[in-house]
Amino acid sequence: MKSELKLKTDSNVSNADLLDKLKEGFDYKTDIEVAGFLGLNKYTVSQIRQGLQGLSIAQRFKIMDRLVSIQIRNLLVKIAPDHLYREIHRLSLHGAEGLAFDEIEAGEPEEIDVKLIDLFKSYGQKLNLVHTDQQMADFLGLKRATISSVRTGKSKLGPLPRLRMLKAINPETDIEQVLNGIESNKSLHDLIEKHIEIQ
């Protein structure tokens with residue numbers, strides 16, 4: 001399942017502006033070079049430039065991963081489903097009910113995501129963050145049906161809900177720049193601009 005991305009209104013930063021800033025920031029001369037970096041073809045970059053489609057969350061992460069103005073790699077490791085599960089599990093062990101959860105095993109991402117949402121819900125109940133699947137869906141920025149789809153293995157959690165889980169279990173984690181870079185062309189444009197200044 002692809003993550004749905006609704007960009008904030010950026011009347012002053014178009015997709016074309018963002019691609020041009022990306023070319024400047026990474027010293028690309030052509031859209032073909034940009035396409036190669038993003039793992040796209042020239043046609044798709046042309047569609048993005050014309051505003052017919054936008055950059056995906058994965059492409060935005062890829063851009064931010066390369067910026068020296070923001071440290072995202074460590075954050076990406078922390079939101080990997082198995083790492084996040086282990087951290088929530090560790091925090092949950094303060095109560096005996098935490099021992100009822102099986103240790104996570106390497107396996108299909110969907111299985112890990114099922115364990116992850118169940119563990120997060122249990123942990124969220126302890127913190128009085130969430131008590132129902134609807135509250136958990138709202139907290140994670142998902143539809144209630146998505147929680148059911150994850151539980152049945154029809155979809156998996158994307159990076160945005162996992163970022164929100166990380167913020168809940170570790171409030172000191174600064175995820176605002178990353179979220180803004182995902183949700184807003186202007187914020188991502190500004191992060192690339194900062195990268196250029198630092199270089």
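This report describes the helix packing, the nonpolar core and three loop residues of a predicted model.

Residues are numbered from 1 along each chain as its sequence is written, and side-chain values use heavy atoms, with hydrogens and water left out. In this predicted model, local features need pLDDT of at least 70 and side-chain atom pairs count only at pLDDT 80 or more, while totals for chains, interfaces and linings use all residues.

**Helix 1 and its surroundings**

Helices here are DSSP runs (H or I, at least four residues), numbered from the N terminus. Helix 1 covers residues 15-26, and its 12 residues should span 16 Å at 1.5 Å a residue; the end C-alpha atoms are 16 Å apart, which agrees. The expected span is 1.5 Å times one less than the number of residues.

Nine of the 12 residues of helix 1 are buried, so the helix is mostly covered, where buried means under 20% relative accessible area, exposed over 50%, and partly exposed in between, with a 1.4 Å probe and protein chains only. The buried residues are Asn15, Ala16, Leu18, Leu19, Lys21, Leu22, Lys23, Gly25 and Phe26. Their cover includes helix 2 (31-38), helix 3 (42-49), helix 4 (57-66) and helix 12 (185-198).

With helix 2, helix 1 packs at an angle of about 85°, the axes being 10 Å apart. That makes helix 1 roughly perpendicular to helix 2. On the helix 1 side the contact (heavy atoms within 4.5 Å) is made by Leu19, Leu22, Lys23 and Phe26, and on the helix 2 side by Asp31, Val34, Phe37 and Leu38. Axes are lines fitted to C-alpha atoms, for helices over the stretch in contact, and angles run from 0 to 180 degrees between N-to-C directions. Angles under 35 degrees count as roughly parallel, over 145 as roughly antiparallel, 65 to 115 as roughly perpendicular and the rest as oblique.

**The core and helix 10**

The largest nonpolar core has 51 residues, of which Ile63, Met64, Leu163 and Val178 touch the most other members. Helix 10 (residues 159-169) supplies the largest share of this core, six residues. Such a core is a set of buried Ala, Val, Leu, Ile, Met, Phe, Trp, Tyr and Cys residues joined through side-chain atoms within 4.5 Å. Leaving aside residues up to four places away in sequence, Leu163 touches Phe61, Leu75, Ile79, Ile175, Val178, Leu179 and Ile182.

Helix 10 also packs with helix 6 (residues 81-92), at an angle of about 25° and with axes 11 Å apart. The two helices are therefore roughly parallel. Pro81, Leu84, Glu87, Ile88 and Leu91 of helix 6 make the contact with Arg162, Met165, Leu166 and Ile169 of helix 10.

**Loop residues**

The table places three loop residues and gives their relative accessible areas.

| Residue | Loop between | Relative accessible area |
|---|---|---|
| Asp27 | helix 1 and helix 2 | 54%, exposed |
| Asn128 | helix 7 (109-126) and helix 8 (133-140) | 56%, exposed |
| Gly153 | helix 9 (144-151) and helix 10 | 36%, partly exposed |

Asp27, which follows helix 1, has a positive phi near 60°. Asn128 has a phi near 60°, a positive value in a residue other than glycine. The C-alpha atom of Gly153 is separated by 9.9 Å from that of Ile112, 41 residues apart along the chain.
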